[in-house]
Amino acid sequence: MLDLKNLYRPKSAEEAVRTLLETEGTGLYVAGGTIVVPTGSPSLDYLVDLTGVGLDYIKIEDTPDGRALAIGAMTRIADLATSPELASPALRAIIEAAEELGTHTTRNRATVGGNVFAAHFPSDLPPAFLVLGASIRLQGADGPRDVSLEDFYARGSDVYRRGDLIVEIRVPAGHERFASAFEKTGRTRVDVAIVSCAAALAVSGGTIETARVALNGISAVPYVAADAEAYLTGKSPTEDVFREGGRLASASVSPRGDHRASADYRRKVAGVMAARALSRAASAA
Ligand SMILES: Cc1cc2nc3c(=O)[nH]c(=O)nc-3n(C[C@H](O)[C@H](O)[C@H](O)COP(=O)(O)OP(=O)(O)OC[C@H]3O[C@@H](n4cnc5c(N)ncnc54)[C@H](O)[C@@H]3O)c2cc1C
């Protein structure tokens, strides 16, 4: 249970980072609070509330390479599902992940930044963002910088420093050539995932030009199934090919076992989820 000494309410991302880095004691950012509040430890001295930092937006930006998508870290999960900016086959995995996340109450409070940061929970959005080649914009003590989401999960403290604030999730230009889909299995409709999986495909002239597959719930961090991606590239988009892609995705993971599911069950389900996500992405392509 929380037993806070202070709650700070900065008005900008820069002020939030300064507050976290310069305040004595143990502190955390709090966004929607759906994880911090129920699991916060009494040894936490203060929270830095991100509500007033102005990061609640979804916008399409024109860049030299084409149209990119920028989602502010404080955007509520519920707002993803109804956003006109996300209404395309390419971004479908984001909407499906948002729709499957928890209950209405959770979706109305939980934020995109909190979901991406707390990926070990395990979160639903990371696989969807990973297959779209997303990056995150981090505000640090020295200013903002962009880090690929794949690096953020794979390289941890090599790329993330204490006090860094996720300000934005960016889906790069060129995403329009993909169609994507998201699959999840859990103990109940509203529980966190045993396994979640997103797939994105770019298909041209009856051939898969580019395939992307990412999983979460399997191990400590979200995972890109590179072996499956390499196998799928250049193949015809058939159900047999997707089943083999799923098999390779599940063969390349080292699943954890816990009270939700055994490691063996997770591995088997990962293959099925991946094949299904690939098949649905192909139908939308
Ligand atoms: C009943 C229930 C059901 C749930 N079901 C699901 C589910 O099905 N799928 C799922 O994915 N999740 C689920 N969750 C987990 C949670 O709601 C989501 O992961 C949510 O998106 C977290 O966002 P938040 O804004 O509430 O994070 P918070 O609780 O505010 O923060 C979580 C962590 O992220 C850090 N943080 C937050 N924002 C930032 C930022 N911008 N930059 C850096 N660090 C930051 C905080 O310091 C903290 O460590 C569930 C939670 C509950 C309580």
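Just after helix α4, Gly102 takes a positive phi of about 55 degrees. Most residues other than glycine have a negative phi, and most peptide bonds are trans. The values in this report come from a predicted model. Helix α4 itself spans residues 92-100, and its buried residues are Ala93, Ile94, Ile95, Glu96, Ala97 and Ala98. Glu96 is thus listed among the buried residues of this helix.

A second backbone feature concerns a proline. The peptide bond from Phe121 to Pro122 is cis, and its omega is near 10 degrees. Pro122 is placed in the loop between α6 (112-117) and α7 (125-131).

**Domains and their interface**

The protein chain is divided into three parts: domain 1 covers 6-48, domain 2 covers 58-171 and domain 3 covers 178-284. Between the C-alpha centres of domain 1 and domain 2 there is a distance of 20 Å. In this pairing, 11 residues of domain 1 are in contact with 16 residues of domain 2. Together the two domains bury about 1,100 Å² between them, with 71% of that area on carbon and sulfur atoms.

What polar links are counted between domain 1 and domain 2? The count is two residue pairs in polar contact, both at pLDDT 80 or more. Zero salt bridges are found across the interface of domain 1 and domain 2. Helix α1, residues 13-22, gives the most to the side of domain 1 that touches domain 2, contributing six residues. By class, that side of domain 1 has eight nonpolar residues, two polar residues and one charged residue.

**The surroundings of Arg266**

Arg266 lies in helix α11, which runs over residues 263-284. Is Arg266 buried or exposed? With a relative accessible area of 1%, Arg266 falls under the 20% cut-off and is therefore buried. The side chain of Arg266 has the following two partners.

| Partner of the Arg266 side chain | Distance |
|---|---|
| Backbone oxygen of Gly217 | 2.8 Å |
| Side chain of Asp258 (polar contact) | 3.2 Å |

Not counting residues up to four places away in sequence, Arg266 touches Ile194, Val195, Gly217, Ile218, Pro255, Arg256, Gly257, Asp258, Arg260 and Ala261. Gly217 and Asp258 are thus among the residues that Arg266 touches. The buried Arg266 accordingly has a side chain that reaches the backbone oxygen of Gly217 and is joined to the side chain of Asp258 by a polar contact.

Key
Residues numbered from 1 in each chain as written. Predicted model: local features only at pLDDT ≥ 70, side-chain atom pairs only at ≥ 80, totals over all residues. Heavy atoms only, no water. Helix = DSSP H or I, 4+ residues; strand = E, 2+ residues; numbered from the N terminus. Buried < 20%, exposed > 50% of the residue type's maximum accessible area, 1.4 Å probe, protein only. Polar contact = N/O pair within 3.5 Å; in protein donor to acceptor, adjacent residues only side chain to side chain. Contact = heavy atoms within 4.5 Å. Domains from an automatic or database assignment. Buried area = accessible area lost by both parts, 1.4 Å probe. Salt bridge = Lys/Arg side-chain N within 4 Å of Asp/Glu carboxyl O. Nonpolar A, V, L, I, M, F, W, Y, C, P; charged D, E, K, R; others polar.
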